[in-house]
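Thanks for asking me to look this one over. My notes follow as numbered points, which you can read with the model open beside them.

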Amino acid sequence: MSAVSELLLRDRELSNNKSKRVLLCLCIDNSASMTRGGVMGEVNRGIERFFERTDRNSLSRDAADICIVAFGDKAELVCDFGPLQRAMNQVKRQPIRATGAGTVLAAGVTLALERLDHHLEELASVNNNAYIPWLIIISDGDSTEAPAAVERAAAQVRRRVQAGALRTLCLSIGEGSRSL
C-alpha cells in the first residue's frame, strides 16, 4: 500500500470511528539481554494474547489505539498509533526482535511521549477525544544512557502522571530494573 493510501485510510478511520479512544503505548526493551531465557518470545506472545483478548470485545476493539516503541541500541517506532488490527498484524508479521547491547530507555520513553502528543493532536483535529493514555514499559534492566537523559525522561513522565494526563505500568522482567 502506498504512503498516500495509508494516510487516507488513517484519516478516514480517525474521523469515522467516533469511539472515545484508549491510547496504549507499549515501550518495549529489545536489547540483547531480552533473549536470555526466551524472554523476548514471551513478551511477543504476551502482546499477541493481549491484542487477541482486546479484539474479542467490540467496544475495546473500536476504542483501542495502539503504538509500539522498541528500544535497544536505539529507539524505534515499531507501530504508530492506530487501530488494534493494524498493531496485531504488525506484531504477527514482524515480532519484536532483540538487537544491540544498549538499553536506551529514556530515548524510548521520549519517542513514546512524542508519538502520544502527536496522536492527541490528530484526535483533536477530528473532534475526537481519549481517556487518560497509558504508557506501558517492559524492560529487564536499567538504561545505558547518561543519568541526566534518564532523569529528563522520568521527569516528563512524572509531570504527566501528577497532572492526571498519563497512567503508567512498568513491567520489570527477571532480575529487572531497580529504578524502572
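1. Of the 180 residues in the protein chain, 42% are buried. Please keep in mind that this is a predicted model. The accessible surface of the chain comes to about 9,600 Å², and carbon and sulfur atoms account for 53% of that area. Among contacts with a separation of 6 or more, 78% are between residues 24 or more positions apart.

2. On the overall layout, the chain has six helices and five strands. Going along the sequence, you will meet them in the pattern α-β-α-α-β-β-α-α-β-α-β.

3. The five strands make an open sheet, ordered β3-β2-β1-β4-β5, with mixed pairing. β3 (75–83) and β5 (167–172) are at the edges with a single partner strand each, so each has one side without a neighbour in the sheet. Direction ignored, neighbouring strands are turned by 15° against each other on average.

4. Let me take the pairings in turn. β1 and β2 run parallel and are joined by eight bridges; here Leu24 has Ile66 of β2 as its bridge partner. β2 and β3 run antiparallel, with six bridges between them, and Ile66 has Gly82 as its bridge partner in β3. A hairpin of three residues connects β2 to β3. At the other end of the strand order, β4 (residues 134–139) pairs with β5 in the parallel sense over six bridges, and Ser139 is found opposite Ser172 in β5.

5. How many of the residues of β2 are buried? Eight of its eight residues are, so the definition of buried as under 20% relative accessible area is met along the strand. Looking at the two faces, Ala64, Ile66, Ile68 and Ala70 are buried on one side, while Asp65, Cys67, Val69 and Phe71 are buried on the other. It may be worth clicking through these residues in your viewer, with Asp65 among them.

6. Which strands does helix α2 (residues 39–55) lie across? They are β1 (22–29), β2 (64–71) and β4, and the helix runs at about 170° to β1.

7. The structure holds six salt bridges, and I will pick out three of them. One of the six is the pair Arg160 and Asp117, whose side chains meet at 2.8 Å, N to O. This pair links distant parts of the chain, with Arg160 in helix α6 (residues 147–162) and Asp117 in helix α5 (residues 105–125), 43 residues apart.

8. Are the two partners of that pair buried or exposed, or in between? Arg160 has a relative accessible area of 18%, so it counts as buried, the cut-off being under 20%. Asp117, with a relative accessible area of 31%, is partly exposed. Leaving aside residues up to four places away in sequence, Arg160 touches Leu113, Leu116, Asp117, Ala165 and Leu166. Its salt-bridge partner Asp117 is therefore in a contact list that also holds Leu113, Leu116 and Leu166.

9. The other two salt bridges I would point you to are these. Glu151 is paired with Arg158, and their closest N and O atoms are 2.3 Å apart. Both partners are partly exposed, Glu151 at 42% relative accessibility and Arg158 at 39%. Arg61 and Asp55 also form a salt bridge through their side chains, at 3.7 Å, N to O. Arg61 counts as partly exposed because its relative accessibility is 33%, between the limits of 20% and 50%.

10. Finally, a surface feature. Trp134, Leu169 and Leu171 form a nonpolar patch on the surface, and together they have about 230 Å² of accessible area. Leu171 belongs to strand β5 and is partly exposed, with a relative accessible area of 36%. As noted in point 3, β5 is one of the edge strands, so one side of β5 has no neighbour in the sheet.

Notes. Residues are numbered from 1 along each chain as its sequence is written. This is a predicted model: local features need pLDDT of at least 70, side-chain atom pairs count only at pLDDT 80 or more; totals for chains, interfaces and linings use all residues. Side-chain values use heavy atoms; hydrogens and water are left out. A salt bridge is a side-chain nitrogen of Lys or Arg within 4 Å of a carboxyl oxygen of Asp or Glu. Buried means under 20% relative accessible area, exposed over 50%, partly exposed in between (1.4 Å probe, protein chains only). Helices (H or I, at least four residues) and strands (E, at least two) are DSSP runs, numbered from the N terminus. Two strands pair if DSSP finds at least two bridges between them. Axes are lines fitted to C-alpha atoms, for helices over the stretch in contact, and angles run from 0 to 180 degrees between N-to-C directions. Contact means heavy atoms within 4.5 Å. Patches are made of residues with over 30% relative accessible area and no salt bridge: like charges are joined within 9 Å, nonpolar side chains (Val, Leu, Ile, Met, Phe, Trp, Tyr) within 5 Å. Accessible areas come from the Shrake-Rupley method with a 1.4 Å probe; for residues, only the protein chains shown count as cover.
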